[in-house]
Amino acid sequence: SEPGEWLMETIRVGVVGLGANTRSRHLPGLRACEAVEITGVCNRTTESTARAAEEFDIPRSYENWQQLVEDPDLDAVVIGTWPYLHCPITLAALAAGKHVLTEARMAMNASEAHAMLEASQQHAELVTQIVPSPLGLRAHQVVLDILESGRLGPLREIAVLATNSAYADSQTPMHWRQSAEFSGLNALAMGIVHEPLVRWVPDPVEVLAQDTIFTSSRPDPLSGEPQSVGTPDSMHILTRLPDGVRGIYHISGVLHGGPSPQIHLYGEQGTLKYLLAPQDQLLLAPAGGEFAEVEVPREKAGGWRVEEEFVAAIRGEEKIQFNDFSVGVRYMEFTEAVTISAREARLVSLPLQQAEQE
């Protein structure tokens, strides 16, 4: 630094759950920020904590997440655990005066999500952020521009597709995402594709859903013992938006050669298709015309800047856009509405009434 230059105060971060996304995105992203230090780590076991601390040169290890959260030397907590711990760690971290960045999905259910939002509002001086769906970030502004330009005309229908073959083989061991104990009501890729959609169009006000579990029991990946599958293998959802637009979702983990993640917006004057993955490609067609790719100008291209956004918000330089806790509450209410509709074979209105939240 030049003599007399203001020195930026170091932000010290503790990580609970140093899993794949934290390794590939959060640690590099945080360490790329000026004056940020990964100070502490806590994983599920003492052994994995020690390994992570050594591998990533993290000076402090903790026996449990409670010790990490209570460490007065930490300024912020990154929660990289499965959803079952997102709410308790968030509430404890906020109570301890820590900023919070938590993995998606926000929580196990809508009730936990509301508790997290309420706590964040009670500690408004602290930054709270949920890791966004990475889908749709690149062309986000271009999608908004097309909708605002009126090139599609009034919207009529929406299609949300996200299928793969991850669970097509009935002998594949159970994944933690299939455990209701660890994942709650979150299922398949529903949240990761619904979240980008509602960046561009209003949230649905009605939901009608069906789901099924084709393989009800799978071997535990460690013990080999059979375990009951707790989340759907396939989901079909109908929605109504406030202005009468209809939506249809096809979400599945058991299809060979099914449609990859994509969102279609069908208007009176044209259609926009966003092939979210793996292509990340926008296609636009006027009524009766051929589809052509929409280029995303460099100056309008978005991208992954979660860790940079988190640090900048802590320093008061910007507000969280992707995603604050209010966004998480909205998608968790949608998730719960889908679950209720499928379980009870009825139409469910949004936003949820408190009595309907688990």
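User: What makes Leu-208, Leu-238, Ile-248 and Leu-347 a nonpolar patch on the surface?

Analyst: This is a predicted model, and in it those four side chains share about 340 Å² of accessible area. To join a patch, a residue needs over 30% relative accessible area, and nonpolar side chains have to lie within 5 Å. Take Leu-238, in strand S11 (residues 234-240): its relative accessible area is 44%, so it clears the 30% bar.

User: Why is Leu-238 called partly exposed?

Analyst: Buried means under 20% and exposed means over 50%. Leu-238 comes in at 44%, so it falls in between.

User: How do you know that Cys-42 and Cys-87 aren't bonded to each other?

Analyst: A disulfide needs the two sulfurs within 2.5 Å. The sulfur of Cys-42 has its closest cysteine sulfur in Cys-87, 18 Å away, so that's too far for a bond. The disulfide count is zero.

User: Are those two cysteines buried or exposed?

Analyst: Buried: Cys-42 has 3% relative accessible area and Cys-87 has 7%, and the cut-off is under 20%.

User: Why is strand S1 described as largely enclosed?

Analyst: Five of the six residues in S1 (residues 11-16) are buried, so the rest of the structure largely encloses it.

User: What makes S1 and S2 a pair?

Analyst: Pairing takes at least two bridges, and S1 has six to S2 (residues 36-42), running parallel. Val-15 partners Val-41 there. S1 also pairs in the parallel sense with S4 (residues 76-79), over four bridges, with Val-13 opposite Ala-76.

Key:
Residues numbered from 1 in each chain as written. Predicted model: local features only at pLDDT ≥ 70, side-chain atom pairs only at ≥ 80, totals over all residues. Heavy atoms only, no water. Buried < 20%, exposed > 50% of the residue type's maximum accessible area, 1.4 Å probe, protein only. Patch = residues over 30% accessible without salt bridge, like charges linked within 9 Å, V, L, I, M, F, W, Y side chains within 5 Å. Areas by Shrake-Rupley, 256 points an atom, 1.4 Å probe, with all protein chains shown as cover. Helix = DSSP H or I, 4+ residues; strand = E, 2+ residues; numbered from the N terminus.
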